[in-house]
Amino acid sequence: MMSKLTEGMEQWKIELEQLLQQGIEFARQIPPTQLYAALGVLLFTTILLLFFQLFKRSKSNTIVLSGLSGSGKTVIFYQLRDGSYHQGTVTSMEPNEGTFVLHTESSKKGKVKPVHLVDVPGHSRLRPKLEEFLHQAAGIVFVVDAVEFLPNCRAASEYLYDILTNSIVVKKKVPVLICCNKADKVTAHSKEFIRKQMEKEIDKLRASRSAISEADVTNDFTLGIPGEAFAFSQCHNKVTVAEASGLTGEISQIEQFIREHVKP
Ligand SMILES: Nc1nc2c(ncn2[C@@H]2O[C@H](COP(=O)(O)OP(=O)(O)OP(=O)(O)O)[C@@H](O)[C@H]2O)c(=O)[nH]1
Ligand SMILES: [Mg+2]
């Protein structure tokens with residue numbers, strides 16, 4: 001039994017060697033330059049294919065809407081999807097999710113890549129849901145109520161701090177757009193004012209949080225440059241500020257942000 005097996009293997013080996021010899025003979029007949037060129041082309045296409053495959057997998061079309069309760073995320077979600085705000089929004093209890101071509105792009109000819117938009121409720125009990133979506137996020141829109149800004153500044157900054165120090169956001173350098181919503185109201189604060197106030201608040205938070213973590217070690221990432229006043233420009237991920245009004249449909253800056261990170 002055993003000898004039969006080894007015999008078969010021997011036979012196979014001889015055949016393989018002959019085949020190899022023939023292959024080498026054949027290769028010898030081809031001029032070397034032609035051979036190298038052929039090999040080069042083969043190698044190049046393989047690398048190109050591998051590269052495309054990698055590139056394809058890492059591209060996400062998910063945009064996450066986050067921010068405090070009442071900031072206007074759900075209104076913006078409907079504006080982006082339908083071009084209207086669906087009167088009578090109530091505090092959301094579940095994340096709102098949808099994959100669609102933006103309303104303003106629906107008349108465009110040709111193929112437009114749909115966006116996967118997630119509106120995560122601002123209620124503190126539902127916030128842990130955010131982490132699930134951060135894994136796939138190509139960008140985060142952080143919505144701030146620009147009218148009722150001052151009483152909410154601390155809470156909004158804390159939420160934003162948690163997002164900016166989240167390990168996924170830091171490692172993947174997920175871009176963040178701070179969207180100052182409700183700009184239709186005359187009492188709305190400007191985006192520059194909001195940016196400065198939030199930077200100040202995060203600066204304070206940074207000091208208090210690092211004091212806590214020395215005693216009880218957390219793996220939170222630290223923000224900014226030690227010894228310098230905090231500014232969003234110090235973040236490794238891109239943090240930008242925009243103004244919008246979900247109510248009147250002035251959301252072009254949000255759409256621009258989305259299309260910058262989810263190519264059509
Ligand atoms: N004036 C004005 N009011 C707005 C605007 N956007 C939203 N609102 C109002 O703000 C309130 C809250 O809006 P929502 O979209 O429900 O807020 P949300 O962020 O989804 O809140 P949660 O679901 O609780 O997290 C609603 O009464 C809206 O009518 C805006 O651009 N301008
Ligand atoms: Mg909502």
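This is a guided tour of a predicted model, stop by stop.

**The whole chain**

Start with the full C-alpha trace. Along its principal axes it spans about 90 × 55 × 45 Å. The radius of gyration is 28 Å, whereas a compact globule of 264 residues would have one near 18 Å. Buried residues make up 29% of the 264. Now count contacts between residues with a separation of 6 or more: 75% of them join residues 24 or more positions apart.

Colour by domain next. Select 2-56 for domain 1 and 59-261 for domain 2. Their C-alpha centres lie 54 Å apart.

Switch to cartoon. The chain has 8 helices and 6 strands. In sequence order they read α-α-β-α-β-β-α-β-α-α-β-α-β-α.

**The sheet**

Show the strands alone. The 6 strands form an open sheet, ordered β2-β3-β1-β4-β5-β6, with mixed pairing. At the edges are β2 (96-100) and β6 (239-243), each of which pairs on one side only. Neighbouring strands are turned by 20 degrees against each other on average, with direction ignored.

**Strand β1**

Select 62-67, which is β1. How many of the residues of β1 are buried? The count is 6 of 6, so the strand is mostly covered. Look at one face and you find Thr62, Val64 and Ser66, all buried. On the other face sit Ile63, Leu65 and Gly67, buried too.

Then check the partners. β1 and β3 run parallel and are joined by 4 bridges. In that pair, Val64 stands opposite Val118 of β3. β1 also pairs with β4, again in the parallel sense, over 6 bridges. Here Thr62 is opposite Ala137 of β4.

**Strands β5 and β6**

Move to residues 176-181, strand β5. It pairs with β6 in the parallel sense over 5 bridges. Put labels on Cys179 and Ala242 of β6: they stand opposite each other.

**Two helices across the sheet**

Add α5, residues 149-164. This helix lies across β1, β4 (137-145) and β5. Its direction is at about 165 degrees to β4.

Add α8, residues 252-261. It lies across β1, β3 (115-119), β4, β5 and β6. Relative to β4, α8 also runs at about 165 degrees.

Stay on α8 and show side chains. Which residues of α8 are buried? They are Ile254, Phe257, Ile258 and His261. These four lie on the same side of α8, because they cover an arc of only 100 degrees around the axis. An α-helix has 3.6 residues a turn, so residues three or four places apart point the same way. The cover over the buried residues of α8 includes β1, α3 (73-82), β3, β4, β5 and β6. Rotate to the face turned away from the buried side. There you meet the exposed residues Ser252 and Gln256.

**The loop after α5**

Select Thr165. It is found in the loop between α5 and α6 (167-172). Is Thr165 buried or exposed? Thr165 is buried, because 20 other C-beta atoms lie within 10 Å and 20 is enough to count. Now draw a distance from Thr165 to Phe221. The two are 56 residues apart in sequence, but their C-alpha atoms are 5.1 Å apart in space.

**Two lysines with positive phi**

Go to Lys173, in the loop between α6 and β5. Its phi is positive, about 50 degrees, although the residue is not a glycine. Lys173 counts as exposed, because it has 10 C-beta neighbours inside 10 Å and the limit for exposed is 12 or fewer.

Finish at Lys182, in the loop between β5 and α7 (191-215). Lys182 too is not a glycine, and its phi is positive at about 70 degrees. What is the burial state of Lys182, buried or exposed? Lys182 is buried, with 25 other C-beta atoms within 10 Å. Keep both lysines on screen to close the tour: Lys173 is exposed, whereas Lys182 is buried.

Methods:
Residues numbered from 1 in each chain as written. Chains lettered and ligands numbered in written order. Predicted model: local features only at pLDDT ≥ 70, side-chain atom pairs only at ≥ 80, totals over all residues. Domains from an automatic or database assignment. Pairing = 2+ DSSP bridges. Axes fitted to C-alpha atoms, helices over the stretch in contact; angles between N-to-C directions. Contact = placed C-beta atoms within 7 Å. Rg over C-alpha atoms; globule rule 2.2 N^0.38 Å. Arc of directions from axis to C-beta.
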